[in-house]
Every structure is written in structure tokens, then in C-alpha cells.
Amino acid sequence: MKVEPNNPFLVRKQRHVLLKFALFLLFIALSFHIFLSVSSKLMSSSPLQIRAHSPQNDTRAECDIFVGEWVADLAGPSYTNESCHVIEAHQNCVRNGRPDTGYLYWRWSPKDCDLPRFNPRKFLNLMRNKSWAFVGDSIQRNHVQSLVCTLSQVEEAVEIYHDEEYRSKKWSFPSHNFTLSVIWDPFLTKAVIFEDINGVSSSDVQLHLDKLDEEWTSQYKNLDYVVIAGGKWFLKTAIYYENDTVIGCHNCLVKNLTDLGFEYAYRKVIDRVFDFITGSDHKAFVFFRTTTPDHFENGEWFSGGQCNRTVPFKGGEVDMKDVDVAMRKIELEEFGKVVGSGKCQSLKLLDTTRLSLLRPDGHPGPYRQFHPFADGNKKVQTDCLHWCLPGPIDSWNDLLMQLLVQM
């Protein structure tokens, strides 16, 4: 059959086929353009730009939990002086008659992230079959009592040891096979101390800077976690020894002795503590706590100093005293050397200095004694260094928990 070239039916059919083909090419081209556009955007996005959409990861990586402010907290403390039975009389401010309670309703809040509340149940579960010790002076004992009080809301602590003066103690949490202790060792190094329980000295301290105290070093190998700190005891008048020979002193009145200053001794001891930790075959997890400022105003503890403030400072309202600046400088420098050397991956800094500086309201003051003004205007000794329990020191447990879960 012969096909006519000018057949109108055939022409329409050819145009229809061409139109379909053109639409198909247009679809392919559009799809390819979209693919290239999306691919280009993905390829041009760096890994940091992608992670920037995950604020939780950013927060964990960049947040300094030690920089922040105290914020009002209506929830208040997790325990009271009635629900906890290990609070020392000198820190039991409510029982001793402190009339204001506003200091109980503040919580530390880091600047760039949320700090979860201390979870005692989670902590005890993590510490099952473990041992933990606080080594240092009475601020360490103050802190361990805060921790025991908080944990006792889940399981009652059982005291299983104390020394003659009740300065060193150990508690057990039987259902978790967990032990928690405080080892009173204010210089961390061998020292002969001539001082009574009220802080009155009959002679200068004899401090051996090259010999760490076996009171804590002998127990170190049996500990899984250690919180260690120096402190204000280094400000006391002392005679310094090395190799059992007097090399100088601090604030002494002995003739022909060089006054080396407390900074010399403090750096020596902190350096030796870190050498012991990094050189030990036993690898405990160690938290090194920084110095704690006091808040004595218009005098010191022995000269009528007071701490009568009832609210926290805000940042910029208060400066550290020179001695605290000096001690903190030594602590951070010596800690930085260890971290920089990479010798101890299990050493963490518990930097309580700045947040403590902002809490002049959290000390016992005159209420270190039971109803101190009941007998009239008698002379009352004040405490503007230690902390009321409950009180600001409870927030240190929030910090510890955060460091613990990050290990």
C-alpha cells in the first residue's frame, strides 16, 4: 500500500511523538539540575557546619561548667538537717539558730549549658563495688558530709571508722558495696602540727616538703576515686624541711632563716602530689579541687571578721584576695603541666574557686555555735570559710557528677 507523504493523520502522529520526546528530555534535564544543586550544597558543607545543627554536642564540647552564676532555685536542697544525721555541729546552721533561709534556695548554673542535678541513685549505681576518698583539710570533710547527706536519701550510710579526733571517717553503703571516706591530711605531706581542735597553735608547724604523708599515700592503692585538695593550712606559720634539714620558713620569727613564703611550699607539695599520682602503678580516677576563698570582712577569724551577707554576689562584684589568687595560680599551673604532658588521663580539675567566691551568704558565721546570742552580747567566734549544710557546697556534687559521667 502506498503512503502519501502529505497524509494529515501521519503528520499529527509524528508531532505527538516529538512532543513526548521533548518533554522526556526536559524532565531528565530538570532532574539532573536538581541533583547537582543538592550535591553541591552537601559537598560544600564542612563537618563542623553539619555538627553545628546539633546543639547538645556543641554544648558538651564547649561548655565550661565552672563559669556561670547562681540562680534562684525554689526546689531547695535535697536533704535537711533533720533528714541527715552526719552534719557536724559547726555546720548545722539551721539547728544552731540561723534565722534566714534564703541561702538554701540558690543553684549553680553554668553560662553555656545546663548542669543536671546530682542524682544520688545513679551515683550509687555507678559506684557499686567501688571505693571513694576525699583527702585534705576540713573543707574536704565539709564536702564529704554533703555527699553522704545526699546519698543517704537513697540508702542510709553506716559509719564504719573514725579516728580519735573524728577528723578522718569512713562510711559504707552496704547494698551497693560502696565505701566513702575522708582522710584528714591538711598539708598532704609529712607535718608535725602543734594545734588544738580550736585552731590555737603552741608552736610553728614543721613541714617536710619532700615527704608525702603516708596517711593517704598508703591507702591510695585501694581507692578507685580520689578527691584531693590543698588549702588554707599552707598560710600558717611553718618551718620548712627537705632531706630532714631546715631550708627556710613562712612567716616565722626565727633568726637566720630565709622566709621562702607559702607559695614555695605549696608549689613543691602540689608538684610532688602530681608526681606520686602519675608515677603510681595504681591508676585511680583523681579529681584535684582548687582553693576555696573565705569571706571574712572587717577582719579575720581571729580578729573579729564577719560574714553577714544574705545573697550571692554577681560576677564582677567581688575580687579574690591576693592569697587566693596566688594559690589558684599555682594550682592551675601545676595541673596544666600534668595535663600537657599526657601522663595522667584520669586526672580532672574540680574548679570550685570562682563559684565559691560568689557565695558570701553560705557560711555559718556566728552560727557555728548553738544559738550564739542566747546569753547576750558575749564574744562569738565566726566561721566564714566552711559551709552550712545544707548549703552552697551541695552544688559541688553536681559538678562532680558531671565530671564523672564525662570520664
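Student: In this predicted model, in which helix is T217 found?
Tutor: The model is predicted, and local features in it need pLDDT of at least 70. T217 falls within residues 214-217, and that run is helix α6.

Student: Does T217 count as buried or exposed?
Tutor: Buried means under 20% relative accessible area. T217 has 17% relative accessibility, so T217 counts as buried.

Student: Which residues does T217 touch, not counting residues up to four places away in sequence?
Tutor: A contact needs heavy atoms within 4.5 Å. With residues up to four places away in sequence left out, T217 touches L212 and F276.

Student: Which strand holds F287, and what is the relative accessible area of F287?
Tutor: F287 lies in β12, the strand of residues 285-289. The cut-off for buried is under 20%. F287 is buried, and its relative accessible area is 0%.

Student: Which residues of α10 does F287 touch?
Tutor: Not counting residues up to four places away in sequence, F287 touches W132, Y225, V226, V227, I228, K348, L400, L403, L404 and M407. Helix α10 covers residues 395-406. The contacts of F287 that fall in that range are L400, L403 and L404.

Student: How far apart in space are F287 and A229, C-alpha to C-alpha?
Tutor: In sequence, F287 and A229 are 58 residues apart. In space, their C-alpha to C-alpha distance is 8.6 Å.

Student: Why is α10 described as largely enclosed by the rest of the structure?
Tutor: The buried residues of α10 include W396, L399, L400, M401, L403 and L404. Also buried there are S395, N397, D398 and Q402. The helix is largely enclosed because, of its twelve residues, the number buried is ten.

Student: What span should α10 have, and how far apart are its end C-alpha atoms?
Tutor: The expected span is 1.5 Å times one less than the number of residues. For the twelve residues of α10 this gives 16 Å, which agrees with the distance between the end C-alpha atoms, 17 Å.

Student: Are α7 and α8 roughly parallel or roughly antiparallel?
Tutor: Helix α7 (residues 262-279) packs on helix α8 (residues 322-341) with axes 10 Å apart and an angle of about 30°. Angles under 35 degrees count as roughly parallel. The two helices are therefore roughly parallel.

Student: How many residues of the contact of α7 with α8 are charged?
Tutor: On the α7 side, the residues in contact include E263, R267 and D271, and on the α8 side K329, E331, E333 and E334 are among them. Beside ten nonpolar residues and one polar, the charged residues of this contact number seven.

Notes
Residues are numbered from 1 along each chain as its sequence is written. This is a predicted model: local features need pLDDT of at least 70, side-chain atom pairs count only at pLDDT 80 or more; totals for chains, interfaces and linings use all residues. Side-chain values use heavy atoms; hydrogens and water are left out. Axes are lines fitted to C-alpha atoms, for helices over the stretch in contact, and angles run from 0 to 180 degrees between N-to-C directions. Helices (H or I, at least four residues) and strands (E, at least two) are DSSP runs, numbered from the N terminus. Angles under 35 degrees count as roughly parallel, over 145 as roughly antiparallel, 65 to 115 as roughly perpendicular and the rest as oblique. Ala, Val, Leu, Ile, Met, Phe, Trp, Tyr, Cys and Pro count as nonpolar, Asp, Glu, Lys and Arg as charged, and the others, Gly among them, as polar. Buried means under 20% relative accessible area, exposed over 50%, partly exposed in between (1.4 Å probe, protein chains only).
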